[in-house]
Every structure is written in C-alpha cells, then in structure tokens.
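User: Please take a close look at one hairpin in this model, working from its turn outward, and then set it beside a few other local features of the chain.

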Amino acid sequence: MPSEMRLLLAEDDAILANALSDQLARAGFAVEHAPNGPVAEYLLLKHPFDVAILDLGLPMIDGLTVLKRVRAARIALPVLVLTALDSLDDRVAGLNAGADDYLTKPFDFPELEARLHALMRRTRPLSQTTEIAQLAFDRQARRLTVRGETVELSPREWMLLDLLLGERDRVVGKDQISAAWEVDRSEAGGPSSIEVYIHRLRRKLEGSGLIIRTVRGLGYLLEAESAR
C-alpha cells in the first residue's frame with residue numbers, strides 16, 4: 001500500500017477546513033492545515049508536500065501573494081486554488097501566479113479529490129516501465145505486453161491502465177477516470193462508458209496476474225490475483 005500523500009490545506013474558514021481535513025484524511029491524505037497566509041507560506045517553503053490546496057482569501061497575506069512567493073522560490077509543487085472568487089480575471093490571475101488548477105466554491109468533494117489525483121499524476125515522476133507479475137507497461141514506447149505478447153490498447157484504455165497502475169492497491173473513482181480522460185477526446189463516450197472500458201481492459205489483462213476489482217459505490221481497484 002502506498003504511503004500517505006502529504007497535503008497542505010490553506011483555508012481560513014475553520015468549519016470548512018475541519019470538514020475538508022476529515023474527508024481528505026479518509027481519502028488517504030496526511031493533511032497539514034494553515035489558517036492564514038504567513039503560516040501557509042512558512043510551511044510551503046520549509047516542509048515537503050505532495051500537493052497543496054490554497055484559498056486566495058487568506059488573512060494577513062493573501063493566497064495569491066503566497067503562491068507567487070512559493071513559485072519565486074522555484075518550488076515545483078502542484079497547487080490547486082480553491083476560492084469563492086470565480087470571475088475570469090480571478091481565474092486568470094491565479095493561473096498566471098502559478099496555480100496548476102482552479103476550483104471555485106461551492107464544490108463537490110469527489111471533484112476536488114479527482115482534481116488532486118490528476119494534478120499529482122501530471123507532476124509525479126513515474127518510472128517509464130512498470131513490470132508486475134506477467135505484465136510489462138512501457139510508457140515511453142506506449143507498449144503493453146502480457147506474458148511477452150504485445151497487447152493493443154486504445155487511447156482511453158491506455159490512460160485507464162496508466163491511472164490504475166499509478167494508483168495500484170488504491171481505489172480509483174469514476175471521477176478520477178473522467179478527469180484523466182479530459183486530456184484526450186479522441187474517443188467518444190462520457191462517464192457512462194467507463195464500465196465498457198473496464199470490461200475491455202479486464203479481458204486484455206487476462207493472464208497478466210492482475211485483476212480489476214469493482215468496489216461497489218467507490219470505484220475500481222487494480223490488484224494481484226492472489227490478493228483476492
């Protein structure tokens with residue numbers, strides 16, 4: 001099981017911060033809370049995190065200033081801006097200051113979680129080749145082999161398998177899959193087609209020693225056959 005992902009939550013609304021911290025902890029994050037701008041800046045500059053959620057309306061030092069200072073220090077941390085400021089100018093300012101994503105309040109937690117995982121996938125250095133059981137997955141060559149035989153994958157099947165491998169032994173929700181697919185619209189079909197692609201991928205993984213298990217109400221889990 002992968003270790004917990006360290007997340008900084010910079011949010012001055014105590015009620016929202018407590019609720020989010022509980023939800024994020026249940027989702028597998030080790031959460032550190034910063035109630036204002038100076039604390040957020042200090043923690044981001046002095047401690048390592050895997051991802052950060054940054055409210056722009058922080059007291060004492062606003063979130064936009066904190067973000068600019070963090071980027072000026074050349075800290076390559078994925079940052080999701082979470083704010084009630086939803087105008088085009090606000091979004092552009094946040095992204096230009098160095099935000100990797102921008103989510104406005106109110107929001108649904110599954111979308112927030114999916115965006116966090118998508119951010120970390122884009123910035124996390126992954127080995128170009130993953131070898132597990134009888135499966136070999138070469139990202140650079142875009143080649144999958146099962147028991148030494150090449151298996152052809154469509155673009156969406158490829159992204160789905162890449163996501164499942166990156167989150168192996170963790171449940172991947174449909175929102176995470178939809179977020180991953182947003183970067184490529186070469187194939188038709190929305191969230192309702194996820195089951196179809198899961199079924200296709202299961203057939204192509206036969207003999208690999210890996211299975212995709214449905215976790216009812218939560219999503220899908222890639223694990224070794226012996227783990228069942």
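Analyst: In this predicted model, the hairpin formed by E6 and E7 has 2 residues between its strands, and one of the residues to look at there is Ala133, which takes a positive phi near 50 degrees. Ala133 sits in the loop between E6 and E7, and the sign of its phi deserves a remark, since the residue is one other than glycine. Most residues other than glycine have a negative phi. Ala133 is also exposed, because its relative accessible area of 56% is over the 50% cut-off for that class.

On either side of this turn, E6 (residues 129-132) and E7 (residues 135-138) pair in the antiparallel sense, over 4 bridges. Within that pairing, Thr129 of E6 stands opposite Asp138 in E7. The side chains of E6 follow an alternating pattern, in which Thr130 and Ile132 point to one face and are buried, whereas Thr129 and Glu131 point to the other face and are not buried. In a regular strand such alternation between the two faces of the sheet is the general rule.

A second positive phi may be set beside that of Ala133. Met60, again a residue other than glycine, has a phi near 75 degrees, and its place is in the loop between E3 and H3. Met60 is classed as exposed because its relative accessible area is 70%, which lies over the cut-off of 50%.

The backbone has another feature to note in a loop, this time in the peptide bond rather than in phi. The bond from Lys105 to Pro106 is cis, with omega near -5 degrees, and Pro106 belongs to the loop between strand E5 (101-104) and H5. Most peptide bonds, by contrast, are trans.

H5 (109-123), the helix that follows in that description, also takes part in the lining of the largest pocket, as do H1 (14-26) and H7 (174-181), each supplying at least two residues. The largest share of that lining, 5 residues, comes from H5. The pocket holds about 540 Å³ of space and is lined by 20 residues, with Glu113 among those that lie nearest its centre. By class, the lining comprises 8 nonpolar, 5 polar and 7 charged residues.

Finally, a buried strand residue with a charged side chain can be compared with the E6 pattern: Glu223 lies in strand E11 (residues 219-224) and counts as buried because its relative accessible area is 6%. The side chain of Glu223 makes a polar contact, at 3.0 Å, with the side chain of Arg213.

Definitions and conventions:
Residues are numbered from 1 along each chain as its sequence is written. This is a predicted model: local features need pLDDT of at least 70, side-chain atom pairs count only at pLDDT 80 or more; totals for chains, interfaces and linings use all residues. Side-chain values use heavy atoms; hydrogens and water are left out. Buried means under 20% relative accessible area, exposed over 50%, partly exposed in between (1.4 Å probe, protein chains only). A polar contact is a pair of N or O atoms within 3.5 Å; within protein, one must be able to donate a hydrogen and the other to accept it, and residues adjacent in sequence count only if both atoms are side-chain atoms. Two strands pair if DSSP finds at least two bridges between them. On a 1 Å grid over the protein atoms alone, a cavity is a set of points where a 1.4 Å probe fits but cannot get out, and a pocket is an open set with protein on both sides within 12 Å along at least five of seven lines; lining residues have an atom within 4 Å of a point. Grid points are joined across faces, edges and corners, and a volume is the space filled by probe spheres set on the points. Ala, Val, Leu, Ile, Met, Phe, Trp, Tyr, Cys and Pro count as nonpolar, Asp, Glu, Lys and Arg as charged, and the others, Gly among them, as polar.
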